[in-house]
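Thank you all for coming; I would like to take a few minutes to walk through one model with you. Please have the viewer open, since I will be naming residues as I go.

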Amino acid sequence: MTFESAVFYFFSAILLGSAAMVVTIRNSVKSALFLVLAFVSAACLWILLKAEFLAIVLVLVYVGAVMVLFLFVVMMIDVNLAVLRQGFGEYLPIGGLVAVLMVVEIALAVSPRQLAPTRIAASAVHAPAAHVSNTRALGMLLYTTYVYPFEIAAAILLVAIVAAIALTMRRRPDTKYQDPARQVEVRARDRMRLVKMPAEPKA
């Protein structure tokens, strides 16, 4: 076994283990931290595939920004696990069907026919030249061939941001809120009241 193969199996094992912990652990904060570990392991695998741009974007954007927001949202939202488990049995068949479809798609993507040496050699013909960086090649593909999926992903992220704000800004009975309209309408004479106290009798 070569050194690259050993490194690949090492980070793959960490990735699979951390991904399993993300969906099985009960503590939401620890689940988010295991997701960070999964992202870092995936970035290491992309470096082995010579996709340095994707690896650094995964670390900077997802680990450095998105996961920090996830942790803030997890700590701000009071998640009631009993309420979340109420519809588990109802949606279990649909979730199982989606899981089976994902497994089939992954199996087709990594099948020996797709990873055959002839197919890989044919795809290597269209690889960019040595003087062209993979960042430039990725940008040209992203904004030409895959511009519509890119815009759809941006719209989905916008919907997710709006949903996160709606969940975070909901009113709670035990929280005090400010009313800016009432604060602006306050008059000076309403803020202070002069009370005339009777003088104390002299002894």
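I will start with the chain as a whole, then turn to one helix pair, and finish with a few individual residues.

Before anything else, please keep in mind that what you see is a predicted model, and that the values I quote are computed from it. The chain contains 10 helices and 0 strands, so that is the DSSP vocabulary we will be using throughout. Reading along the sequence, you will find the pattern α-α-α-α-α-α-α-α-α-α. Of the 203 residues in the chain, buried residues make up 12%. If we take the contacts between residues at least 6 apart in sequence, 56% of them join residues at least 24 apart.

As for annotation, the UniProt record, which is an unreviewed entry, lists residues 6-25, 32-49, 55-79, 91-110 and 146-167 under "transmembrane region". I looked at two of those stretches in the model. Over residues 6-25 the chain is 95% helix and 0% strand, with the end C-alpha atoms 28 Å apart. Over residues 146-167 the chain is again 95% helix and 0% strand, and there the end C-alpha atoms are 32 Å apart.

Now to the helix pair. Two packed helices are described by the angle between their axes and by the distance between those axes. How, then, do α1 and α2 pack, in terms of angle and axis distance? Helix α1, residues 3-24, packs against helix α2, residues 28-48, at an angle of about 155°, and their axes are 8 Å apart. Because angles over 145 degrees count as roughly antiparallel, α1 and α2 are roughly antiparallel to each other. The crossing in which α1 passes α2 is left-handed. On the α1 side, the residues that meet α2 include Val7, Phe8, Phe11, Ile14 and Leu15, while on the α2 side the partners include Phe34, Leu35, Leu37, Ala38 and Leu45. Sorted by character, the residues of this contact divide into 15 nonpolar, 4 polar and 1 charged.

Staying with α2 for a moment, Val40 is found in that helix, and with a relative accessibility of 34% Val40 counts as partly exposed. Val40 and Val63 are 23 residues apart along the chain, and their C-alpha atoms are separated by 7.7 Å.

Next comes the loop between α2 and α3, where α3 spans residues 52-76 and where Lys50 has its place. Most residues other than glycine have a negative phi. Lys50, although not a glycine, has a positive phi of about 65°. Lys50 is exposed, with a relative accessible area of 66%.

Is Ala51, in that loop between α2 and α3, buried or exposed? Ala51 is buried, since its relative accessible area is 17% and buried means under 20%. Leaving aside neighbours within four places in sequence, Ala51 is in contact with Trp46 and Asn134. The C-alpha atoms of Ala51 and Asn134 are separated by 7.3 Å, although these residues lie 83 residues apart along the chain.

Asn134 comes up again with Phe53, which lies in helix α3 and is partly exposed at a relative accessible area of 29%. Phe53 and Asn134 are 81 residues apart in sequence and 7.2 Å apart in space, C-alpha to C-alpha. Not counting residues up to four places away in sequence, Phe53 touches Asn134, Thr135 and Leu138.

To close, both Ala51 and Phe53 contact Asn134, and I would be glad to look at that spot together in the viewer.

Technical notes. Residues are numbered from 1 along each chain as its sequence is written. This is a predicted model: local features need pLDDT of at least 70, side-chain atom pairs count only at pLDDT 80 or more; totals for chains, interfaces and linings use all residues. Side-chain values use heavy atoms; hydrogens and water are left out. Axes are lines fitted to C-alpha atoms, for helices over the stretch in contact, and angles run from 0 to 180 degrees between N-to-C directions. Helices (H or I, at least four residues) and strands (E, at least two) are DSSP runs, numbered from the N terminus. Angles under 35 degrees count as roughly parallel, over 145 as roughly antiparallel, 65 to 115 as roughly perpendicular and the rest as oblique. A crossing is left-handed if the near helix is turned anticlockwise from the far one by less than a right angle, and right-handed if clockwise. Contact means heavy atoms within 4.5 Å. Ala, Val, Leu, Ile, Met, Phe, Trp, Tyr, Cys and Pro count as nonpolar, Asp, Glu, Lys and Arg as charged, and the others, Gly among them, as polar. UniProt positions are given in the numbering used here, feature names are shortened, and annotations may be inferred rather than shown by experiment. Buried means under 20% relative accessible area, exposed over 50%, partly exposed in between (1.4 Å probe, protein chains only).
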